Each structure stands twice: as C-alpha cells, then as structure tokens.
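Colleague: I'd love a close look at a single part of this model. Could you pick one helix and walk me through what surrounds it, with the cut-offs spelled out as you go?

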Amino acid sequence: MAHELAAHSAELSSVTARAGRSVVAVHARPRFSSSGVLWGPGVVVTAEHTVRREEDITVTLPDGSTAAASVAGSDAGTDIAVLKVESNGPALAIAGEPAPGELALAIGRSQDSGVNATMGIVSAVSGAWRTWRGGRLDRYIRLDLTLYPGSSGGLVVNTEGETIGIATSALSRIAGLAIPAATIQRVLDEILSSGHVARGYLGVGLQPVELPNHQKGLIVLSVGENGPAAKAGVLLGDILVSLDGTSVSDTDDIQRILEARAIGQSVEAVAIRGGEQRKIVVTIGERPRGD
C-alpha cells in the first residue's frame, strides 16, 4: 500500500512539473499575481478578471526570468484575456471531455514560490453554459478543489497531464470552474483576428410572459435608441414569440439564436401587438463593448 501511494505521489509530482513548463505568473494587478498559460507561440491565456491594467504588464516565465507582455484582447463574458509575450511553451495535449469524479489538478505559478498545485475532482459537467457575464462556455466544468488567490488563470489538467482548460474563480459563486479548452481556442482565435469578441444583439430589454393560450413569449420592456430593434420598428409592449423561426420564451433563447447568426444578418421576429401577430425583420447589430 505504501509503495502504491509513493508511486501515485511521484506521478502527480511529475505531472505537475511537466504542466508547469507551460504556466507563467502574470503581474497585471495590485498586491499579488495570477497565473497564465503559454497556449501557443508568443501567446499567454489568463483569467480576464485578474488583468486590472493594460500597461506595465510582466510575466514570470517557467525558467524564472521576467518578460514584458501586452494585452492582445479580452472577453469578460468568458473571463479570458490574451497576452502577447516573447516566449513559447511546449505543445499542450488537450483532454477529452472530463467526467464527474475524475481527479484534476490546477497548476499555477507565483514569482516567489514558483510552480504550485492543488488537487481535487471534477464535481460536475454539463453542456454549453451561459455565464452571468453573458459569455458562453462550451461546457460547464465545476471543480471541487481549492483555488488560491493566484490560481485563477492556471492550467487545469487531468492525471495524465492533459489540458482540461484554465481555472477561474469569477464565473460561479458556487465553486471554481475550468474554462474549457474549446472555449479558450474559440475566443483566442477571435481575439487574435479582431482584438475582441463580437456578440450580436437586438437592443431590447425583455421579460418572459405567459399568454392566455398558454403560449409563452418575451415582452419588450425597453428599446435602445437607434438600436437594431428600434430601427426595425419594435415597440414597447410588443411580445416576441419567435425569432428566426424558433419559439422564444426566455432571454437565453434569444442569445442562442443570435450566437448562431452573423452580425449584419437579418432575422424575422414574430411579435404580438394589440392582440395581432406582426412580422418584423431585424438586422442583428454588434453589442457595444462594455454592455
């Protein structure tokens, strides 16, 4: 038994050391650093909520040296920030979908102590999930492990050292999450291409309502001035019952439809106004950054 525990301990230590070759300390906020991952050539991915300035950012590299970094872009919705730095890490092996109960390690780095690790389990996994910040994660991956102040942005791996994602404490009030590798790559590609993540919007405030025939819809409580809905003729009190041919009863329904359509594309909304159905063609706009 003691031999098995020693072997298991040695393997975890080896996994931590290998993963640590891809993990940096990010100095972009007061008091203490966060962690980041050398995701590709010259690119560090970290947790957006830990990047509190855009200038004078440095990273402590795996060899202990310090390098200057610049912000390529960020997305608060998914809590991902992308930094450019003159350094490369080893290629990351991406894990398959994790299962509840699977062991996981969060690997971080600080300037003082170097590589650090915390171990626990993947406590829950589900499908695509919208964060309270408005972004979409390709998977909801909840972690049952301790995330210390500098752990956010660190690499989350399985016991084979394969990448599950990066750790964040900012997207759930229940527990830490792993931002999935698929989400990171999707957001990274868009940031490197355009500098930000574009999200479609209609420019309306909506609230679910139930109609007399048990049909559900979304009543328009506000219409943004000069927004896409206003330009299309949507009015306060209209009740949206479908968008782009799909019934809508919750604001998440609207977001799913918009995510599947390009900004500038026209979609047909069906609204009830004065007891009668009306068809309204709306051109999807780009959500102003900061909203």
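Modeller: Happy to! One definition before we start: a salt bridge here is a side-chain nitrogen of Lys or Arg within 4 Å of a carboxyl oxygen of Asp or Glu. This is a predicted model, in which local features need pLDDT of at least 70, side-chain atom pairs count only at pLDDT 80 or more, and totals for chains, interfaces and linings use all residues. Residues are numbered from 1 along each chain as its sequence is written, and side-chain values use heavy atoms, leaving out hydrogens and water.

The helix I'd choose is α4, residues 251-259. Helices (H or I, at least four residues) and strands (E, at least two) are DSSP runs, numbered from the N terminus. At the N-terminal end, D250 acts as a cap for α4, with a side-chain oxygen 2.8 Å from the backbone nitrogen of D252. That falls under polar contacts (a pair of N or O atoms within 3.5 Å; within protein, one must be able to donate a hydrogen and the other to accept it, and residues adjacent in sequence count only if both atoms are side-chain atoms).

Which residues of α4 are buried? They are D253, I254, Q255, I257 and L258, where buried means under 20% relative accessible area, exposed over 50%, and partly exposed in between, using a 1.4 Å probe and protein chains only. These buried residues pack against a set of strands: β9 (129-130), β15 (200-201), β16 (204-210), β17 (216-223), β18 (239-243) and β19 (246-247). Contact here means heavy atoms within 4.5 Å.

Now for the charges. The whole structure holds 11 salt bridges. In one of them R130 pairs with D252, with 3.6 Å between the closest N and O atoms. Because R130 belongs to strand β9 and D252 to helix α4, this pair ties together parts that are 122 residues apart in sequence. R130 counts as buried at 18% relative accessibility, whereas D252 counts as partly exposed at 31%.

Another salt bridge stays inside the helix: R256 and D253 bring their closest N and O atoms to 2.5 Å. Since R256 and D253 are 3 residues apart in α4, about one helical turn separates them. In general, an α-helix has 3.6 residues a turn, so residues three or four places apart point the same way. D253 is buried, with a relative accessible area of 15%, while R256 is partly exposed at 48%. Salt bridges with shared partners also join R130, R136, D252 and E259 into one network.

E259 brings us to the second largest pocket, which has a volume of about 280 Å³. Among its 17 lining residues, E190, V197, A198, R199 and E259 are the closest to its centre. Two or more lining residues come from each of α2 (181-194) and α4, and α4 gives the largest share, 3 residues. By type, the lining divides into 6 nonpolar, 4 polar and 7 charged residues. Ala, Val, Leu, Ile, Met, Phe, Trp, Tyr, Cys and Pro count as nonpolar, Asp, Glu, Lys and Arg as charged, and the others, Gly among them, as polar.

How are these spaces found? On a 1 Å grid over the protein atoms alone, a pocket is an open set of points with protein on both sides within 12 Å along at least five of seven lines, a cavity is a set where a 1.4 Å probe fits but cannot get out, and lining residues have an atom within 4 Å of a point. Grid points are joined across faces, edges and corners, and a volume is the space filled by probe spheres set on the points.

The structure holds 1 cavity of 30 Å³ or more, and the largest cavity has a volume of about 50 Å³. L202, V204, A229, V234, L240, L243, A269 and V282 line this cavity, making 8 nonpolar residues with no polar and no charged ones.

Finally, a salt bridge beside β18, one of the strands packed against α4: R273 and D238 have closest N and O atoms 2.8 Å apart. R273 sits in strand β20 (residues 266-273) and D238 in the loop between α3 (228-232) and β18, so distant parts of the chain, 35 residues apart, are linked. D238 is buried at 2% relative accessibility, and R273 is partly exposed at 22%.
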